[in-house]
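Good morning, and thank you for making time for this presentation. Please keep the sequence and the structure in view while I speak.

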Amino acid sequence: MDYEETTTTSADPARAWAAVRNVTEYPRWTASMSAVEPLDGPALVAGSRFRVRQPGLPTTVWRVRDLREGASFAWEATAPGVHTVAYHRVERQPDGATRITVGIRQTGALAGLVALLTAAKTQRYLRMEAAGLAAAAEDPAAAAAGDGAAPTGGR
């Protein structure tokens, strides 16, 4: 099963990427995540793991599998019968805007059943995450901090 959400922001790609790569701050600006805890240190690097808590879903450990600095990352999680890859991309658009894309791909013997049970929530959470990323990228306080921190008024 594949799900994807795309949004645009007036922030430049560097600011959008700073928001995207700062995964431990996601719960500050999206109610789709209640906690993102680093298990191997806070840096987003290939192989690092993060424990993610989301309302109404099982707590899941995600492992970063691909990282293209400034452009994209993907992390993956495995549960019995389901392999999930979530991806995040930042792309400059010809009009000067920045496109942010977040998506999920689920495969495995139980992927269809999981989709039946969680499709609406998955789509809603992706919309929330994309909107939150755009807001975090555009937040002047985050830019002033220089670390991609998300706005404090999120949720």
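Let me begin with a definition: a contact means heavy atoms within 4.5 Å. What we have here is a predicted model, in which local features need pLDDT of at least 70, side-chain atom pairs count only at pLDDT 80 or more, and totals for chains, interfaces and linings use all residues. Residues are numbered from 1 along each chain as its sequence is written, and side-chain values use heavy atoms, with hydrogens and water left out.

I turn to the overall layout. The protein chain has 4 helices and 7 strands; helices (H or I, at least four residues) and strands (E, at least two) are DSSP runs, numbered from the N terminus. Along the sequence, the pattern reads β-α-α-β-β-β-β-β-β-α-α. Of the 155 residues in the protein chain, 45% are buried. Here buried means under 20% relative accessible area, exposed over 50%, and partly exposed in between, with a 1.4 Å probe and protein chains only. Among contacts in the protein chain with a separation of 6 or more, 50% are between residues 24 or more positions apart.

What does Thr9 touch, leaving aside residues up to four places away in sequence? The list is Ala16, Ala97, Thr98, Ile100, Ala134, Ala137 and Glu138. Thr9 belongs to strand S1, residues 2-9, and counts as buried because its relative accessibility is 2%. The side chains of Thr9 and Glu138 are joined by a polar contact of 2.6 Å. By a polar contact I mean a pair of N or O atoms within 3.5 Å; within protein, one must be able to donate a hydrogen and the other to accept it, and residues adjacent in sequence count only if both atoms are side-chain atoms. A polar atom of the Thr9 side chain also lies 3.1 Å from the backbone nitrogen of Ala11. Although Thr9 and Arg99 are 90 residues apart along the chain, their C-alpha atoms are separated by 6.5 Å.

Ala11 has a second partner, Thr98: the backbone oxygen of Ala11 is 2.6 Å from a polar atom of the Thr98 side chain. Thr98 is in strand S7, residues 98-107, and is buried because its relative accessibility is 0%. Beyond residues up to four places away in sequence, Thr98 touches ten residues' worth of neighbours that include Thr7, Thr9, Asp12, Pro13, Ala16 and Val90. Asp12 appears again at the start of helix H1, where one of its side-chain oxygens reaches to within 3.0 Å of the backbone nitrogen of Ala14. Helix H1 spans residues 13-21, and its buried residues are Pro13, Ala16, Trp17, Ala18, Ala19 and Val20.

Two loop residues deserve a short remark. Thr30 is found in the loop between helix H2 (26-29) and strand S2 (35-38), and it counts as buried because its relative accessibility is 1%. A polar contact of 2.8 Å joins the side chain of Thr30 to that of Ser32. Ser48 lies in the loop between S2 and S3 and is buried, with a relative accessible area of 3%. A polar atom of the Ser48 side chain lies 2.7 Å from the backbone oxygen of Val45. The residues touched by Ser48, not counting those up to four places away in sequence, include Asp40, Trp62 and Val64.

Trp62 leads to the aromatic residues. Rings of Phe, Tyr and Trp (its six-membered ring) pair if their centres lie within 6.5 Å; planes under 30 degrees apart count as stacked, over 60 as edge-to-face and the rest as tilted. By this rule the count comes to 4 aromatic pairs. One of them, Phe50 with Trp75, is tilted, at 5.9 Å centre to centre and 55 degrees between the planes. Phe50 lies in strand S3 (residues 49-53) and Trp75 in strand S5 (residues 72-79), so the pair ties together parts that are 25 residues apart in sequence. Both Phe50 and Trp75 are buried. One aromatic cluster is formed by Phe50, Trp62, Phe73 and Trp75.

Finally, the largest pocket. On a 1 Å grid over the protein atoms alone, a pocket is an open set of points where a 1.4 Å probe fits, with protein on both sides within 12 Å along at least five of seven lines; lining residues have an atom within 4 Å of a point. The largest pocket holds about 630 Å³ of space, a volume being the space filled by probe spheres set on the points. Which of its 29 lining residues are closest to the centre? They are Leu57, Thr60, Trp62, Thr84 and Gln106. Helix H3 (111-138) is among the elements that supply at least two lining residues each, as are strands S4 (60-68) and S6 (82-92). H3 gives the most, with 6 residues. The lining divides into 17 nonpolar, 11 polar and 1 charged, where Ala, Val, Leu, Ile, Met, Phe, Trp, Tyr, Cys and Pro count as nonpolar, Asp, Glu, Lys and Arg as charged, and the others, Gly among them, as polar.
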